[in-house]
Amino acid sequence: MTAYLARRTLQAIAVVVLVTLIVFVLLSLAPGGASVQVLGSGSAHQQFLAAYLTWLGRVLHGNLGYSSRLNQSVSSLLATSLPRTLALTGTSTLIALIVAIPLALVQAARRNSAVDITLRGLTYLWYGTPTVVLGPVLILFLAVHWHLFGAEGPQAPGFIGVISDVRDMTLPVATLALVTIAIFARYLRSSALDSLAQEYVEAARARGAGQRRVLAAHVLRNSLVPVVTLIGLSIPQILGGAVIVEIVFNIQGMGWQIYQAVQDRDFAVTLGFTLVIGIGAAIGSLLADIGYAALDPKVRYTQA
Amino acid sequence: MRAGLAPARRAWGRGGAGGRGVLGAFCVVAGLATVLAACGGTSSTSGAGGGPANTSTVTFAMEPGGLASYPFPFMTLANASADSVFNVNDFQYLLYRPLYWFGEGTTPYLNTTLSLAYPPTYQGHQVTIRLKSYYKWSNGEPVDAQDVVFWMNMMTAEGSQGIYYSPTGLPADVSHVKAASKFVVTMDITSAKFSEPWFTNNELSEITPMPMAWDRTATGPSDCITTISACTAVYNYLNAQSTLSPSTFGASPIWGVVDGPWKIQSLNSLGKLTVVFNKQYSGPVAPRHITTFIEVPFTSEQAEYNVLQDPTGSQIIDVGYLPTVDAPVPPAGASVGANPSSLPDYTLSSVYAWQLSYFPYNFKNDTGQAPIFDQLYFRQAFQSLVDQEGVIAGPLHGYGKPTIGPVGDYPLTKYLSPTLERLGDQWTLNIGYARQLLASHGWAPNSAGIDTCVHPGGGPADCGPKIPSGAQLKFNLIYPTGLDWMESSVRELASNASLVGIQVSLSAEPFNQVTGTAFGQFGESWQLAEWGSWTYAPDYLPTGDELFETNAPNNAGQYSNARNDALIAATLDARTSSEFYTAMYNWQDYLAGQLPVVYVPDSPTLMETIDGLNIGPQNSASTITPEDWYYLK
């Protein structure tokens, strides 16, 4: 297991280095003096490798650049916006899991029943509805017409400030969670159906285990394996969805800042945040691998 | 020389949406505001169902993209991207008043009441500025002549880095700047010829007095006030103070010394600004004025509108903006229509910014279209395809005015030529005329329906010099993303153009990409670039030296015309007011027909003000005075 984790960690580090290289190449290719804006004048004349190493050195020292537009360092901007995005995406992912797991198990246990068909239809609907449509629709009905929830996201600073504002947090979380629920539920249902067909489930039933016990003790753990991977690999998509949700709900998180930075050609912010998201995706993938190994001993034995 | 590029609509800047600066200082947006509170702990100023709950606070929503970030009012290229109409007008001007304030009623004229000095007087080449002795800094010191000299010295030392630096402008065009007495500054104008109106409106308008408390470095007091060589260190210190974390600004001993009516209470890293009334402010204020003013940023018009429509939300906006596409069409003769039914607790008003709406041809285009743009008949044909009235009636929902020449025509000012005012829009949609013009100058459609030059040459019936046989009327038009009405208007233009054999391909790009392209940052391959408007601030006089003179820094399309240059020079050399206006009218009357740019509709900002709050008429110079705002009992 240790060797497996070590190898996976090294691979993740390699991916992160590759991400930095890609980001830097993009920086160098961007028109309008992007590299000069981020690295300072004179950098354009440096050799590519030397410039890259200079930039990487700064990044490793926590210097992601400075946004003169916002009059702030990218790091301080990150410190402000990252907790807001984590609050949004973390809450929505958690809720998605909490909802998707029983949903999928019910669907699997009652395959092709009216309940299954109805829930399948709902998850298809949520899955096929873009957040850019879902968000405004929820705002229109639940905020503007019925005033049940806020029309914009929480504006209080900090992680706690965001998650404690339930009224304003509900719609953005729901927008992001509904799509995620659909994704998780679809995978989980499929995985649970596979598990239900396994011999150990038959054996459990033969031993007299009831439906609940079968689902909770025998099906769930095995069905979660692909979902753990899915969660890890979904991080970029979740963050991508957060860009739209943050714009629609005026939440000044990472997505909001990236959108604004792109509009204003603020390369320091764009690249710094892109890098962080890339690293987040690599870490997510690593955690998924670890979780996968933890849930499925075959993985660590066969790959160690 | 400074002024602002305003993206087409309020998505980017209040009152024209604009930004202000040259090249990097594009306008952004102003907007709505908000207070917030977590989970019911609201500090909103207004109660649900209308009527203010807190009559001392106003929450003002910045237009999308607008942001307060940089307090030091002496901005250089190092912080150019922080320069915007919002950072300057909605932030710095609240704290530090410019020597001369522009914006009087709904006009962009010099406001003698709010200016720190009386109107300048000219004697020969010497200009005399008399400051009002009753204006004081919040530390009790008077706003005096030394404060103006301080700014001038700083300009002399650091001006070449300035965002608005012009080698022929301040401080190069003056000498012997001195404090003649406690409240009198004199300076000699070095230009052989100069125009008094131009110097007042476009040069002195740039000065912001700075307090003696700022004449220091980290090690202690300095001497920039008398020794110019000391100013660089002072600038570096002040700039460093301005780039500290925004959370430090509220308690900063530097930024806490203000002569404006407001002081920073807090500016958080999310861009939410809270200013409180400066009790030492010695200028005019309204009785029962508000005492706390909050500005909150937004990214999109729609997000602002959503919040406006939710009167029970934790963030209540007292003054905000309504997207034009959501505005009911005004009845004939009215400036605004009925309020949207979803906003029963607000009052709708419109504000036309002091700006010019147009987009340039690239006369230095290096992909072969420049010789086509050089032809007046082509520009006449192309302008005839722009349906300004149709765009106003359609995508703009009736909110807009056609642009009729090289000077903004709405709000109506004394700067506009009476002839042009009388003639109005001379280039209304006329597809037949455009087709006839092209056909009579050697263009005929090819098999794909695209006009092709079949009569090359310089004769009266030919395509024009340097246009080869087989050249096609195919152009690319770039425009900013995110503005629904502009999207509709350019599509309509492309459609009209296709009817006469001109193929206009459209490319939507981020606003700063469009302006960066139009100002040659990425080469000269672009052909047409629409961003919206040019805001006349802080150079308030609409002389052509900024936009249309050969080699003018903001002449994006690099239009060049010797007669135009001579007529512009006449406006800059016209010494007296009467000479100046004569020269201005002569220049406009000539250039309007030359169509150096494509005239497009000008649209207003639509403001929503919560019932019970009086903010008075908003001026077209895009400056705000919240110290005049008060709640009606």
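1. A quick word on terms before the tour: two residues are in contact if their C-beta atoms, placed from the backbone, lie within 7 Å. Please also keep in mind that this is a predicted model.

2. With that in hand, let us start at B:Lys182, in the loop between E7 and E8 of chain B. Leaving aside residues up to four places away in sequence, B:Lys182 touches B:Asp144 and B:Ala145. B:Gln146 is 36 residues from B:Lys182 in sequence, yet their C-alpha atoms are 7.5 Å apart in space. Is B:Lys182 buried or exposed? B:Lys182 has 11 other C-beta atoms within 10 Å, and a residue with 12 or fewer is called exposed, so B:Lys182 is exposed.

3. The two strands on either side of that loop belong to an open sheet of 4 strands in chain B, with the order E5-E6-E8-E7 and antiparallel pairing. Strand E5 (121-123) and strand E7 (174-181) of chain B stand at the edges; each has a single partner strand, so one side of each lacks a neighbour in the sheet. From one strand to the next, the twist averages 20°.

4. Looking closer at the pairing, E7(B) and strand E8 (residues 184-189) of chain B run antiparallel over 5 bridges. Within this pair, B:Ser175 stands opposite B:Asp188 in E8(B). Helix H3 (residues 145-158) of chain B packs on the sheet and touches strand E6 (126-130), E7 and E8 of chain B. The direction of H3 makes about 160° with that of E7(B).

5. A second sheet to look at in chain B is an open one of 3 strands, in the order E20-E19-E21, and here the pairing is parallel. Its edges are strand E20 (503-509) and strand E21 (528-529) of chain B, each with a single partner strand, so one side of each is without a neighbour in the sheet. Strand E19 (residues 474-480) of chain B is joined to E20(B) by 7 bridges. B:Lys474 has B:Gln503 in E20(B) as its bridge partner.

6. Which helices pack on this parallel sheet? One is helix H12 (residues 484-499) of chain B, which touches E19 and E20 of chain B and has a direction at about 165° to that of E20(B). Another is H13(B), which touches E19, E20 and E21 of chain B, with its direction at about 135° to that of E19(B).

7. For a contrast with the exposed B:Lys182, have a look at helix H2 (residues 85-95) of chain B. In H2(B), 11 of the 11 residues are buried, so this helix is largely enclosed by the rest of the structure. Among them are B:Phe86, B:Phe91 and B:Tyr93, along with B:Asn87, B:Asp90 and B:Gln92.

8. On to the interface: 39 residues of chain B are in contact with 40 residues of chain A. On the chain B side, the elements that give two or more residues are helix H6 (301-308) and helix H13 (511-518). H13(B) gives the most, with 4 residues. By class, that side of chain B has 15 nonpolar, 23 polar and 1 charged residues.

9. Finally, the partner chain. Chain A has 13 helices and 2 strands, and its C-alpha atoms fill a box of roughly 75 × 55 × 30 Å along the principal axes. Of the 304 residues in chain A, 43% are buried. Among contacts in chain A with a separation of 6 or more, 72% are between residues 24 or more positions apart.

How values were computed:
Residues are numbered from 1 along each chain as its sequence is written. Chains are lettered from A and ligands numbered from 1 in the order in which they are written. This is a predicted model: local features need pLDDT of at least 70, side-chain atom pairs count only at pLDDT 80 or more; totals for chains, interfaces and linings use all residues. Ala, Val, Leu, Ile, Met, Phe, Trp, Tyr, Cys and Pro count as nonpolar, Asp, Glu, Lys and Arg as charged, and the others, Gly among them, as polar. A residue is buried if 20 or more other C-beta atoms lie within 10 Å of its own, exposed if 12 or fewer, and partly exposed in between; C-beta atoms are placed from the backbone. Two strands pair if DSSP finds at least two bridges between them. Axes are lines fitted to C-alpha atoms, for helices over the stretch in contact, and angles run from 0 to 180 degrees between N-to-C directions.
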